[in-house]
Amino acid sequence: MSITVTPTSPDFFAEISGVDVSKPLAPADCLAIENAINRYAVVVFHDQKLDDDQQVAFARNFGPIASSALKLRHRDIKHRIESSDVADISNLDSEGKVLRPDARRRLDGLANRLWHTDASFRAVPGGLSMLYAHVIPDEGGDTEFADMRAAYDALPDAKKRELEGLIAEHSIWRSREQLGVVQYTEEERASLPPVPQRVVRTHPGSQRKTLYLAAHASHIIGMPVADGRLIILDLIEHATQPRFVHAHKWRQGDLVIWDNRCTMHRARPFDTTKVRDLRRVTTRDVASTLEQAA
Ligand code: OGA
Ligand code: MN
């Protein structure tokens, strides 16, 4: 089997075939996948069979694993997935039943419907996210991806100059607050304090400049909150125009990898009485964006 990379557009979103991701990766295949991610930012593998351990083992080829913050902000419930290497991106409780409409974990997960990038609210944010589809509803529940390098490139030069050096404060509580989801304890809040991140950064894998934004971004440090918030809202609106967005329609057995450093994504609605079971493993970026190239 040899790896084939089939782009769906010149610089964004590719399909990769000819590799079984449940098996140890040959170095050449690992490099080919890495190169494809660096160029296309989002890649999809179809028809894969992965258990949680295999998914984690595959992710380790690309860096150290970031522990899921889910258990930090939900301390009082039993979790379906024990390992903190695996984020439970499902609508299921610890017994495998669909979460009730008012379940706190369901409401918390609705923040995935807002445009975001994973773990920008942590000092060392997310690197690559790898989301695997166990069960997919018949309709709805797509994931959309926005190309933040293309969005940066399309800004007028004067706007690019205005954004130089800006630092946003990111907090997981900001994305929840936008949906009126605020029922967290002081202890949960204290476990994930706000962090600063650059608004524009150089994507290390391609050396292209990119916007770095998320629903977690609250305001711009050193500026009135309202002004900073408007800058963030305008940029997210710009970056999520249809010309920068690709929607992924899931099939069971899909593994999608995205580079959080140069994309945003959001989940789309589906009939929430149906099961949607995806699980995510995310690698850690090397450092805070403040310690990386602007
Ligand atoms: C995630 C996420 C979107 C989705 O796993 O980080 O935002 O469609 N998922 O489930
Ligand atoms: Mn996400």
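## Enclosed space in the model

A cavity, as the word is used here, is a set of grid points where a 1.4 Å probe fits but cannot get out, and its lining residues are those with an atom within 4 Å of a point. The structure above is a predicted model, and with this definition in hand we can take a look inside. Two cavities of 30 Å³ or more are counted.

## The largest cavity

The volume of the largest cavity is about 740 Å³. Its lining is made up of 42 residues, and those nearest the centre are Asp 88, Ile 89, Gly 109, Asn 112 and Arg 280. If you sort the lining of this cavity by class, you will find 17 nonpolar, twelve polar and 13 charged residues.

Which elements supply at least two residues each to this lining? Among the helices they are α3 (70-73), α4 (104-109) and α7 (172-178), and among the strands β5 (87-90), β15 (263-267) and β16 (277-284).

## The second largest cavity

The second largest cavity has a volume of about 60 Å³. Around it you will meet Ser 68, Leu 70, Lys 71, His 79, Arg 80, Ile 81, Val 86, Ala 87 and Asp 88. Four of these lining residues are nonpolar, two are polar and three are charged.

Helix α3 and strand β5 each give at least two residues to the lining of this second cavity, and each of them also supplies at least two to that of the largest cavity. Asp 88 is worth finding on screen: it lines the second largest cavity and is one of the residues nearest the centre of the largest.

## The largest pocket

Turning to open space, the largest pocket holds about 210 Å³. It is lined by 16 residues, with Glu 34, Phe 62, Leu 128, Arg 261 and Thr 283 nearest its centre. By class, the lining of the pocket has six nonpolar, five polar and five charged residues.

Both α1 (27-40) and β16 supply at least two residues of the pocket lining. The biggest share comes from α1, with three residues.

## A three-stranded sheet

Strand β15, which we met at the largest cavity, also belongs to an open antiparallel sheet of three strands, ordered β13-β7-β15. Strands β13 (245-248) and β15 are at the edges with a single partner strand each, so one side of each has no neighbour in the sheet. On average, neighbouring strands here are turned by 20° against each other, direction ignored.

The antiparallel pairing of β7 (residues 143-147) with β15 runs over five bridges. Within it, Ala 146 sits opposite Met 264 of β15.

Key: Residues are numbered from 1 along each chain as its sequence is written. Chains are lettered from A and ligands numbered from 1 in the order in which they are written. This is a predicted model: local features need pLDDT of at least 70, side-chain atom pairs count only at pLDDT 80 or more; totals for chains, interfaces and linings use all residues. Side-chain values use heavy atoms; hydrogens and water are left out. On a 1 Å grid over the protein atoms alone, a cavity is a set of points where a 1.4 Å probe fits but cannot get out, and a pocket is an open set with protein on both sides within 12 Å along at least five of seven lines; lining residues have an atom within 4 Å of a point. Grid points are joined across faces, edges and corners, and a volume is the space filled by probe spheres set on the points. Helices (H or I, at least four residues) and strands (E, at least two) are DSSP runs, numbered from the N terminus. Ala, Val, Leu, Ile, Met, Phe, Trp, Tyr, Cys and Pro count as nonpolar, Asp, Glu, Lys and Arg as charged, and the others, Gly among them, as polar. Two strands pair if DSSP finds at least two bridges between them. Axes are lines fitted to C-alpha atoms, for helices over the stretch in contact, and angles run from 0 to 180 degrees between N-to-C directions.
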